[in-house]
Amino acid sequence: CTNQMNPPLSYIDPSQVASTDVIAGVTPVSKGGDSLGGTINVESRPPQFADLGEGVRTSGSISAFYRSNGDGIATSAHAEAATQNISLGYTGAWAKADDYARGDDGPIVRSTLYQAYNHALTLGIRNGADLFTFQGVYASVPYQGFVNQRMDMVDNDAWLFNARYLTHFDWGTLDFRAY
């Protein structure tokens with residue numbers, strides 16, 4: 001968000017995360033460069049491609065969980081179809097929880113409820129050492145109990161578009177991103 005105070009992972013479900021990196025202190029320009037107190041860098045799942053001679057490779061997964069504390073429930077699904085050079089994938093998730101309580105009969109911890117929807121469509125194109133990735137994301141957070149929710153997540157809906165070009169040379173790697 002413009003004030004950079006959204007809770008971590010507001011726009012991506014944990015099922016869509018490939019890796020995270022926490023940077024304490026001043027953030028380097030290569031990671032955004034506009035944070036003095038630290039940055040959480042989250043990488044989404046990269047596109048997967050079929051092996052040479054495999055034809056069309058398909059994969060998918062479905063997961064769900066329930067947590068008794070706060071009656072937390074979540075579901076997620078991932079589907080992907082790919083050839084050797086083109087990959088198309090979809091990931092969707094829904095999560096919801098009420099305020100949780102400390103211990104079995106403990107007091108309720110206010111401002112811990114939430115509901116979130118996350119959808120991501122990813123197109124990957126590979127040509128030799130070159131990888132082009134285009135991603136469209138829709139995230140909706142109808143409510144979060146956090147006190148800063150309304151200030152930062154205006155309307156609580158977000159459409160995000162990401163593009164990435166990754167290639168390797170003898171002298172190093174070029175990783176260009178636009179979002």
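**Exercise 1. Is tryptophan 171 buried, partly exposed or exposed?**

Task: classify tryptophan 171 and then look at its aromatic neighbour.

Solution. A word before starting: this is a predicted model.

- Step 1: Take the relative accessibility of tryptophan 171, which is 66%.
- Step 2: Compare that value with the cut-off, where exposed means over 50%. Tryptophan 171 therefore counts as exposed.
- Step 3: Turn to phenylalanine 169, the ring with which tryptophan 171 forms an aromatic pair. Phenylalanine 169 has a relative accessibility of 39% and counts as partly exposed.
- Step 4: Describe the pair. The centres are 4.9 Å apart and the planes make an angle of 5°. Planes under 30 degrees apart count as stacked, and that is the label for phenylalanine 169 and tryptophan 171.

**Exercise 2. Which parts of the chain does the pair of tyrosine 138 and tryptophan 159 tie together?**

Task: count the aromatic pairs, then place this one in the chain.

Solution.

- Step 1: The count comes to 3 aromatic pairs.
- Step 2: One of them joins tyrosine 138 and tryptophan 159, at 4.7 Å centre to centre with 40° between the planes, and it is tilted.
- Step 3: Locate the residues. Tyrosine 138 belongs to strand S9 (residues 130-144) and tryptophan 159 to strand S10 (residues 157-169), so the pair ties together parts that are 21 residues apart in sequence.
- Step 4: Check the surroundings. Tyrosine 138 is partly exposed at 25% relative accessible area, while tryptophan 159 is exposed at 63%.

Another ring contact is worth finding on screen: the charged end of arginine 67 sits over the ring of phenylalanine 65, 4.2 Å from the ring centre.

**Exercise 3. In what order do the strands form the open sheet, and which strands stand at the edges?**

Task: trace the sheet from one edge to the other.

Solution.

- Step 1: Begin with the inventory. The chain has 1 helix and 11 strands, and along the sequence they follow the pattern β-β-β-β-β-β-β-β-β-α-β-β.
- Step 2: Pick out the sheet. It is open and made of 7 strands, in the order S3-S4-S5-S8-S9-S10-S11, with antiparallel pairing.
- Step 3: Find the edges. S3 and strand S11 (172-178) each have a single partner strand, so one side of each is left without a neighbour in the sheet.
- Step 4: Add the twist, which averages 10° from one strand to the next.

**Exercise 4. How many bridges join S4 to strand S5, and how many does S3 share with S4?**

Task: walk across the sheet, giving bridge counts and a sample partner for each step.

Solution.

- Step 1: Strand S3 (residues 57-67) pairs with S4 over 11 bridges, in the antiparallel sense. Threonine 58 has alanine 81 as its bridge partner in S4.
- Step 2: S4 is joined to strand S5 (residues 86-97) by 10 antiparallel bridges. The partner of alanine 82 in S5 is serine 87, and 3 residues lie between the two strands of this hairpin.
- Step 3: S5 and S8 pair over 12 bridges, also antiparallel. In S8, asparagine 118 is the bridge partner of alanine 93.
- Step 4: Strand S8 (residues 114-127) and S9 pair over 13 bridges in the antiparallel sense. Alanine 120 is partnered by valine 137 in S9, and threonine 122 by glutamine 135.
- Step 5: Look at the turn between S8 and S9. This hairpin has 2 residues between the strands, and glycine 128 takes a positive phi near 65°.

**Exercise 5. Which residues of strand S4 lie on its covered face, and which on the uncovered one?**

Task: sort the residues of S4, then examine the loop before it.

Solution.

- Step 1: In strand S4 (residues 72-82), the covered face carries Gly72, Ala74, Ser76, His78, Glu80 and Ala82.
- Step 2: The uncovered face carries Ile73, Thr75, Ala77, Ala79 and Ala81.
- Step 3: Step back into the hairpin of S3 and S4, which has 4 residues between the strands; there glycine 70 has a positive phi near 85°.
- Step 4: Aspartate 71 lies in the loop between S3 and S4. Its phi is near 50°, a positive value in a residue other than glycine. Most residues other than glycine have a negative phi.
- Step 5: Aspartate 71 is partly exposed, with a relative accessible area of 40%.

Methods. Residues numbered from 1 in each chain as written. Predicted model: local features only at pLDDT ≥ 70, side-chain atom pairs only at ≥ 80, totals over all residues. Heavy atoms only, no water. Buried < 20%, exposed > 50% of the residue type's maximum accessible area, 1.4 Å probe, protein only. Pairing = 2+ DSSP bridges. Phe/Tyr/Trp six-rings, centres within 6.5 Å; stacked < 30°, edge-to-face > 60°. Lys NZ or Arg CZ within 6 Å of the ring centre and 35° of its normal. Axes fitted to C-alpha atoms, helices over the stretch in contact; angles between N-to-C directions.
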